[in-house]
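Hi,

Here's the structure I promised to pass on. Have a look at it first, and my notes follow underneath.

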Amino acid sequence: MDFLPDPFPLLSAFLQWLAVIVVIFSSVLLITFTSNLVSNGARGAALYGQSLGQSLVEIFSTSVSRCYALAKLTFTEAIRRKALFVFVVFAVLFMFAGWFLSDPDQSAKYAKDAVKIHVTFILNVLTWLTMIVMLLLACIGIPEDIRLRSIHTVVTKPARRFEIVLSRILGYVGVGTVLLGIMSATSLVWIYRQVPVSARSELTARQPIWGQLSFLDRMGNETTAGINVGDIWDYRSYIEGATKSRAIWRFENVTPAMLTTMTDEDGKTYEALRLESRIEAFRSHKGNMDRTTRFQYIILNPERNLEVTAATLEIGDEFSGRTDGIRRTLIAETKDNESKTVDLINDLVAKDGSLTIAVACTDPGQYLGMARSDLFIRLPDAPFAVTFFKAILGIWLFMVLTVTLGVTASTFVKGPFAIMTIFTFLTVSITGREFIRKLLSDEWKGGGAFESAYRIPTYMNDTTDLPSNPGTQLIKWVDWIMNGFLWLIQQILPNVSYFNMTGYVANGFDVDNWNTLLPAVLVTIGYFIPCVLIGYYCLRSRELEAK
Amino acid sequence: MNQSESRNRKLAYLGFIVLLLVPIVLLGMPGGGSSTPPGLLSSMRSKFELGESDIGKIDPTSAAMNMVLLGFRGIAVNTLWSNMDHYKNTKNWAQMKSTSDAIIRLQPHFISVWRFTSWNLAFNVSAEWDSVKDRFHWVKEGAKFLQNGIDINAKNPDLAWEEGRIIGFKIGMSDEARYFRKFFKNDPDTELYKGGPDPKLNEQGLDNYLVARDWYLKANDRELNQRQRILDRTLFRSYPARSYFDYAAALQKDGVFGEQTRVAWDDAYRDWTTKFGREVFYVPEVPEVGMSMEMTEDDISRQAKTGDEERRLRKAVDDYQKICNYRYWRERARCEREPQMADAHREIYEAQVAYSEQRLTEAKALVESGMKNFAAMLKKYPDLLQYDDLLLEDALTAVLMWQYILKLSGETPSDDYPLKVIWDSQQGRIPDVQARLDRWLLEQSRNIDKK
């Protein structure tokens, strides 16, 4: 689910980044050194060393004031290039968006869906508008300066080329920040106005505590997953009703601070652990249609051999979820059929601070489907604006990445080519990264491009082995080389999925700081550093007289 | 190339552009004004009814979207279809609905899209939900979605027929029919509809089959001007009358007996035999002569000009009667509209209720009387016995009920009883009928517990 991220492997990601940087820069240094040797002979080595030394001096003597002045110039130039026209497009989109979005359902229950639709629309609009405008600006800036020869007025001053590249990026980022800031603030107001009043409670930022999920089969044995009831989407695993089958969540570090004060039907307050669930039912027979399928929360403490049925409930509104409070004081049945009072925190939380909650289906012949994200401890919510602006920060970081790539590309190719290059690069990153991963990980059968081209006209399905002959060996060999090339591309493409935080906001969750926001920041920095250096070296070696 | 050559070439291009503009303007001159006659394209558009306003209600949103996309509509639609499929598979219903609305805005006159998406909502999405109320909501979504298509494609008969199918077939015959039929008159969203029906689907609070009938009638009206692409024409046009049969049968199933049900069967019979039965069809087997379902031997002889034509016409009438199950429904309605048959149904149903409430003596008397009446009617209409039908299931249910009552009373069933012929000849169907009866009794006992 796009609001439950995988843990971000910080160390391995950093090491991989370092390896790619070292390989790229070593290759570049080696090639340029060799070409210097070839063209200048033995003197080339000395010239190369001198040039490298000058570069390092330029980089390390970067002046903040010069950068500020150049960035300000870039900012002014972008405004003069009518960057603010984006507001016209933005205004038009907002004025007519209501026409194109589905009418919110009149029923209060389904009106909540309007939140998803409107939030998704807004964040997509902001992402694409910002990306396109900033890409155009970033890619044409330097090439236009070179074409009009106005760059001479800059390079003849004591401004260094490293500062030019850096300031261009900062200037455009400044423009993008202003644009995005105004548009996002307007968007937030627009969302509040457009979402039906009955659905405004969904404009929130849930603070979930996720657990680890495991399953027991119908005999009560541990198993890796539940039953597949034939869904194409194998996200959820199902447990069978009225058997020993269970879905078991283990929550770490449960403390009394996680308890919330809740109110029961009689208006009395009580201390409870607030759980939110989205459990899906699959009926193998009609059963009792007057109600939805029933399930139980069972709290387990194997250390003390305690098993407490905390509540028997109906799944209710399965796709919107339900919130329940597990009272701090519970009644446990002992093996001697005696009742005793137990405390949720003191008696049921294990010594290591973990709390184990099992979900069982009580209706015979019916099945309940669950995934890890379908049950969590819900702490008090944060305001919607918090998660919204975190998502905006994601868009901002994506804009920084776009500008960085655009300015870098514009230092070695002309404007239109730079636009096409970076647009393709980003589009492939957005749409093709997963495709390449599946292709390289053998998740998709049928081999590479040439093997597929052989299989299709010969009507050979993807599970049949290729006949062994020199021709098929050649096909496999060519595919192997092409896959190697794809692997290289995969290492260079940014993982832009970190920038897209729409799933969190649309579903009413707070954006995960450590597993989504931090990776987005690191990816941006990870591209910023090498891109600025590449841009600098390209501009340094570029003949500015050439138009 | 000098500057003057370049300028001359550009002027020549401009000249050609202006030259081409003249016929385009003349051909494309809009109609409707009184001062200038319409251009050829405009006249042809009116003649062949190809204009947006000729096809149906104009949707400015759709027109704006198509215009903004220029030539990229195909790409956009493909992407949206792919997204919709993804949302459906990942059970993201809100986005799926929103995406299907966007597709429709791009392809407002692509009939298959309306049919596919409404089916998807009413049948596939609704089945994904656990609560019957939620399922009903999505059935309504499918029906409402289709209503937009009917407005936008005002001449198309297929969509009106599909609407009839969702309201008649889905609401009336699905597993949840007992709830859906009730919800159709009293929507479960009491907050919004105050206990009444959803006015967009059922403004007057009618039975679902009667509303479906209105849609089938609309479909038939449209079909006179535009060819339908769903069923054989005879079958397609039989649906308004068929809805009456479904309505009458549903009343019986709901436990509504007496004059209302008898009248419903009578209406169904008259609609079937005097309207649909008298409708003239020109079928490919005998294209030169009009054929109707109610044609007698005399009619056939009178209509046909040659012996060969008479033979082909006789065969066509027989074949198409079989296609529409015409003779069965005629016979069934004739039988059901008789008071004795209505009594038989009522007595058997009341016996079931009495049994579930443990009033065994009363139940026994009722079921025995019902079986007797049932047997008498089947004797009067023996043709019904040759059809594999629900009516026979009712007869089997009566015998089963009788056996249950006797078993509980500690009595032994006699060897000679009414409906024995049916019981003996339909042994293969008994397990299914028994399962249905047991489920009904279980639900009945739950209702009693609730009370």
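Keep in mind that this is a predicted model. I'd start on the outside: Leu27(B), Leu40(B), Leu41(B), Met44(B), Phe48(B) and Leu50(B) make a nonpolar surface patch of about 600 Å². Helix α2 of chain B (residues 40–47) supplies the largest share of that patch, 3 residues. Met44(B) sits in this helix, α2 of chain B. With a relative accessible area of 39%, Met44(B) counts as partly exposed, because that class runs between the 20% and 50% cut-offs.

Now for the inside. The largest nonpolar core has 89 residues, and the ones touching the most other members are Met134(A), Ile191(A), Phe388(A) and Val403(A). Helix α6 of chain A (residues 113–148) gives the most to this core, 17 residues. Apart from that core there's another one, of 70 residues, including Ala333(B), Ala344(B), Ala398(B) and Met401(B).

If you want one residue to click on, try Phe388(A). Leaving out neighbours within four places in sequence, Phe388(A) is in contact with Ile122(A), Leu123(A), Ser184(A), Ser187(A), Leu188(A), Ile191(A) and Val505(A).

Last, a sheet in chain A. Its 6 strands run in the order β3-β2-β5-β14-β9-β10, and the sheet is open with antiparallel pairing. At the edges are β3 (222–223) and β10 (306–314) of chain A, each paired on one side only. Further in, strands β2 (residues 212–216) and β5 (residues 246–251) of chain A pair over 5 bridges, in the antiparallel sense. There you'll find Phe215(A) opposite Ala247(A) of β5(A).

Cheers

Key. Residues are numbered from 1 along each chain as its sequence is written. Chains are lettered from A and ligands numbered from 1 in the order in which they are written. This is a predicted model: local features need pLDDT of at least 70, side-chain atom pairs count only at pLDDT 80 or more; totals for chains, interfaces and linings use all residues. Side-chain values use heavy atoms; hydrogens and water are left out. A nonpolar core is a set of buried Ala, Val, Leu, Ile, Met, Phe, Trp, Tyr and Cys residues joined through side-chain atoms within 4.5 Å. Buried means under 20% relative accessible area, exposed over 50%, partly exposed in between (1.4 Å probe, protein chains only). Helices (H or I, at least four residues) and strands (E, at least two) are DSSP runs, numbered from the N terminus. Contact means heavy atoms within 4.5 Å. Patches are made of residues with over 30% relative accessible area and no salt bridge: like charges are joined within 9 Å, nonpolar side chains (Val, Leu, Ile, Met, Phe, Trp, Tyr) within 5 Å. Accessible areas come from the Shrake-Rupley method with a 1.4 Å probe; for residues, only the protein chains shown count as cover. A salt bridge is a side-chain nitrogen of Lys or Arg within 4 Å of a carboxyl oxygen of Asp or Glu. Two strands pair if DSSP finds at least two bridges between them.
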